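Grab a pencil and work through these exercises with the viewer open. Try each task before you read its solution.

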Amino acid sequence: MSSSRLPPPSSFSAAAVATVIGFGGTVALIVQAGQTLGASPAQIISMVTALCLGIGLPGAVLSWRLKMPVVLAWSTPGAALLAASTLGQGWSTAVGAFVIAGLLMVLTGLVPALGRLAERIPAAIASAMLAGVLLPFCLKLFLVFPTDMALAAGLLAVFLIMRRVAAAWALPAVLVAAFAVLALRGQVGLPAGTGLFGELSPVMPAFDWKAAISLALPLYLVTLASQNLPGLVVLRAAGYAPPAGKLIFWGGLTSTVLAPFGAHGVNLAAITAAICTGPEAHPDQSRRWTVGVLYGLIYLIVALFAAPLAGLFIAMPTGALAVITGLALIAPLTGSLTGMMSLPEDREAAVLTFAATASGVALFGVGSAFWGLAVGFLALAARRWIRPRP
């Protein structure tokens, strides 16, 4: 390839910035999800390694084949859903739920009717369920203040200042500040036995109907509604015609194949995709697919060194992890609350969904995300099918 065909420096910087924001902004949540589900440190490292491989390799290949910047990511709302789980059925059962969610996504990509049906999921209900999942994490941010005022207040101040100065760099700045404080306290370390390179630790999936309803179904719905569909919108807004079924299928297949190694969900990115799909990343739209390839290659490098990167967060004090996670989810929570209240006629159903999900209630061994969806759809059905008395 001649030098004239090499991507401009802006393409490299866009891919690098998108990786830093995507990985650094929410890897703490991935670690927290693994810990909640009962994964060992080695299994959490495998989780991060598998997710980075799933983002990097398929994203680079799809960008090259489709000649458009296909930017993949892990399911951040899905990770929040998992981290909020109270089922406690073990890591192998969680992996079984990952497999089911991936297969549901594969079916959605293969069957056009399912894709059209998915697009008709009321946005207010999907946003309300996501908001209910995210709220407890943002509340835990402030519960750290009584025990570690300096750290919590300091990181909150960094976040607020950076959101005004350079919003995209707010979370990386919080991470730098957090590790600086922890280093001064002597609280930065790695779990015993952590190596230099990422590792894959397969687990035999265990399938349970309660996990399928409580984890797999909500994980599929929240990933589809909050990641894949917005990701398609970003590509269309950039002037591309993405093959929706093909992209959803490959994301679902990647998730299914990597699920035994801990990958809970690989899907289209939305926020980080906007960094790689605009003219700032590459002035030539016909060559902008190279940004997607560069982004994928950088994620493969991250996968190579996933063990120490994930280990830093695994060994982090729980208070610091809670503050970082809470700040990372402020923006998604804001967007979800806005979405759930956007249509006046759906607000009551959305609030019920939000309240039921945020409550954390578990009935018959089934978690609150399912009950939030159930009460939301029930409220919508009552409003649409029962005529009010004059």
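Contact here means heavy atoms within 4.5 Å. Keep in mind that this is a predicted model.

**Exercise 1.** Work out which residues Trp-209 touches, leaving out those up to four places away in sequence.

*Solution.* Start by placing the residue: Trp-209 lies in helix α9, which covers residues 209-237. Next, apply the contact cut-off, and you get Phe-364 and Val-366. Now look at Gly-365: along the chain it sits 156 residues from Trp-209, yet their C-alpha atoms are separated by 9.7 Å.

**Exercise 2.** Check whether the end-to-end span of helix α12 agrees or disagrees with its residue count, then find what its buried residues pack against.

*Solution.* Helix α12 runs over residues 289-304, so that's 16 residues. The expected span, at 1.5 Å a residue, is 22 Å. Its end C-alpha atoms are 23 Å apart, which agrees. Then pick out the buried residues, those under 20% relative accessible area; among them are Trp-289, Leu-294, Tyr-299 and Val-302. Finally, follow the contacts outward: the buried residues of α12 pack against α1, α2, β1, α11 and α13.

**Exercise 3.** Find which residues touch the most other members of the largest nonpolar core, and trace the contacts of Leu-155.

*Solution.* The core has 121 residues, and Trp-91, Phe-98 and Leu-155 touch the most other members. Setting aside residues up to four places away in sequence, Leu-155 touches Val-174, Ala-177 and Ala-178, plus Val-323, Ile-324 and Leu-327.

**Exercise 4.** Place Phe-179 in its helix and list what it touches beyond four places in sequence.

*Solution.* Phe-179 belongs to helix α8, residues 170-185. Its contacts are Val-188, Leu-312, Phe-313 and Met-316.

Key. Residues are numbered from 1 along each chain as its sequence is written. This is a predicted model: local features need pLDDT of at least 70, side-chain atom pairs count only at pLDDT 80 or more; totals for chains, interfaces and linings use all residues. Side-chain values use heavy atoms; hydrogens and water are left out. Helices (H or I, at least four residues) and strands (E, at least two) are DSSP runs, numbered from the N terminus. The expected span of a helix is 1.5 Å times one less than its number of residues. Buried means under 20% relative accessible area, exposed over 50%, partly exposed in between (1.4 Å probe, protein chains only). A nonpolar core is a set of buried Ala, Val, Leu, Ile, Met, Phe, Trp, Tyr and Cys residues joined through side-chain atoms within 4.5 Å.
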